[in-house]
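Let us walk through this protein together, moving from one residue out to its helix, the cores and the aromatic rings. Please keep the structure open as you read.

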Amino acid sequence: MKLNLLLLAFLMMTCYLEAQERENPIDINKIHLGGKITTKKLHEKYDSLLSKEILKGEIISMNGISLKSDLFKGKVSVLNFFTIPCKGCLLEIPYMVKLRKLFPENEVQILGITDLLPEKIINHNASKKLSPDAPRDLYPNLPAFNYTVLSFTSQQIIDNFHIWGNPYTFIIDKEGIVRYMDGGFPLQKKNQEIEFQKYIDEIEKLL
C-alpha cells in the first residue's frame, strides 16, 4: 500500500509539472534523485556551475564520442538536455533546430544531451518519430535534429551537470564558462517565443 501511494504521488507530481506554465524555472530536480544525493546538495552543485567552467574532466558518451573542456573553447555553446516522454522537451526541440539555423556553426555550437539510446536518435532522424512514448500530437511538428545529439547515462548527467529532470538549457561562453542556465520550457506558444528570444539575446551577448 505504501509503495502504491508513493507511485501515485510521483505520477501526480509529474502531471502537475507538465501542466504548469512557469515564470521561474521548474524545480524538476525534486521529482527523483535516485537516492544517491539529497535534493539540497544537488541544487547547490547545480547553482555552483554558473560562472564556472562547464567541464573539468572528460566524459564518454554512449555514442563513443568524448565530451571534454576543450570542446567548449573558441565558440559559444548551447547545451540542451532532453528526454522522452517529456512534453516540454519536445516543444523545445524545434526551437533548437531554429537556433542552429540562426548562427554560423563556427561561432555557435548546439549540443543535445539525452539519456535516450543512440539508436533512438538515429531512428528519429529517419522517421521523425522520436519514441512511441512521445505525445502523439507533437509528432507532426517534430523535426529531425540538425545539431549533434549525445547520449549519456542518467548517472553521468547527474554527476557532471547536477540535474535530474528535463528540459534544461545551458549557454556557455567561448572560454567554456557557464553564463546562463534555465530549466523547463513553457507550454504556451507566446511564452515559448519569449524564451526563444531570451536564448538568442544571451548568445549574442557572448559573440
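A good place to start in this predicted model is Gln192, which counts as buried because its relative accessibility is 5%, under the 20% cut-off. You will find Gln192 in helix α6. Which residues does Gln192 touch, leaving aside its neighbours within four places in sequence? Its contacts are Leu91, Tyr95, Phe185, Pro186 and Leu187.

Now widen the view to the helix itself. Helix α6 runs over residues 189-206, 18 residues in total, and spans 26 Å from its first C-alpha to its last, close to the 26 Å expected at 1.5 Å a residue. Gln192 has company on the inside: Glu195, Phe196, Tyr199, Ile200, Glu202 and Ile203 of α6 are buried as well. Looking down the axis of α6, you can see these buried residues fall within an arc of 165 degrees, so they line one face of the helix. Turn the view to the face directed away from this buried side, and you meet the exposed residues Lys190 and Lys205. What covers the buried residues of α6? The cover includes the strands β3 (76-82), β4 (108-114), β6 (168-172) and β7 (178-183), along with helix α3 (87-102).

With α6 in place, step back to the whole chain. The protein has six helices and seven strands, and from the N terminus on they follow the order α-α-β-β-β-α-β-α-β-α-β-β-α. Of its 207 residues, 44% count as buried. The accessible surface comes to about 10900 Å², with 56% of it belonging to carbon and sulfur atoms. Contacts across the sequence are worth a look too: among those between residues at least 6 apart, 73% join residues at least 24 apart.

Next, let us go inside. The largest nonpolar core has 29 residues, and those with the most contacts inside it are Val78, Phe82, Ile93, Leu99, Tyr147 and Ile203. The elements that give two or more residues to this core are β3, α3, β4 and α6. Which element supplies the largest share of this core? That is α3, with eight residues. Apart from this core lies another one, of 21 residues, among them Leu55, Leu111, Ile172 and Val178.

Tyr147, one of the core residues with the most contacts, deserves a closer look. Tyr147 is buried, since its relative accessible area is 8%. Not counting residues up to four places away in sequence, Tyr147 touches Ile93, Met96, Val97, Arg100, Ile110, Leu111 and Gly112.

The aromatic residues come next. A pair of aromatic rings is described by the distance of the centres and the angle of the planes. The structure holds eight aromatic pairs. One of them joins Phe81 and Phe161 edge-to-face, at 5.0 Å centre to centre and 65 degrees between the planes. This pair links distant parts of the chain, with Phe81 in strand β3 and Phe161 in helix α5, 80 residues apart. Both Phe81 and Phe161 are buried. Phe145 and Tyr147 form an aromatic pair that is also edge-to-face, with 5.4 Å between the centres and 80 degrees between the planes. Phe145 counts as buried, because its relative accessibility is 9%. Phe81 and Phe161 also belong to one aromatic cluster together with Phe170.

Phe161 brings us to helix α5, residues 154-161, where Gln156, Ile157 and Ile158 are buried along with Phe161. After α5 comes His162, whose phi is positive, near 60 degrees.

Finally, look at the stretch around the start of α3. Pro85 lies in the loop between β3 and α3, and counts as exposed because its relative accessibility is 55%. Pro85 and Asn166 are 81 residues apart in sequence, yet their C-alpha atoms are 9.8 Å apart in space. Lys87 lies in helix α3, and its 31% relative accessibility is why it counts as partly exposed. Between Lys87 and Pro167 there are 9.2 Å from C-alpha to C-alpha, while in sequence the two are 80 residues apart.

How values were computed. Residues are numbered from 1 along each chain as its sequence is written. This is a predicted model: local features need pLDDT of at least 70, side-chain atom pairs count only at pLDDT 80 or more; totals for chains, interfaces and linings use all residues. Side-chain values use heavy atoms; hydrogens and water are left out. Helices (H or I, at least four residues) and strands (E, at least two) are DSSP runs, numbered from the N terminus. The expected span of a helix is 1.5 Å times one less than its number of residues. Buried means under 20% relative accessible area, exposed over 50%, partly exposed in between (1.4 Å probe, protein chains only). The arc is that of the directions from the helix axis to the C-beta atoms. Contact means heavy atoms within 4.5 Å. Accessible areas come from the Shrake-Rupley method with a 1.4 Å probe; for residues, only the protein chains shown count as cover. A nonpolar core is a set of buried Ala, Val, Leu, Ile, Met, Phe, Trp, Tyr and Cys residues joined through side-chain atoms within 4.5 Å. Rings of Phe, Tyr and Trp (its six-membered ring) pair if their centres lie within 6.5 Å; planes under 30 degrees apart count as stacked, over 60 as edge-to-face and the rest as tilted.
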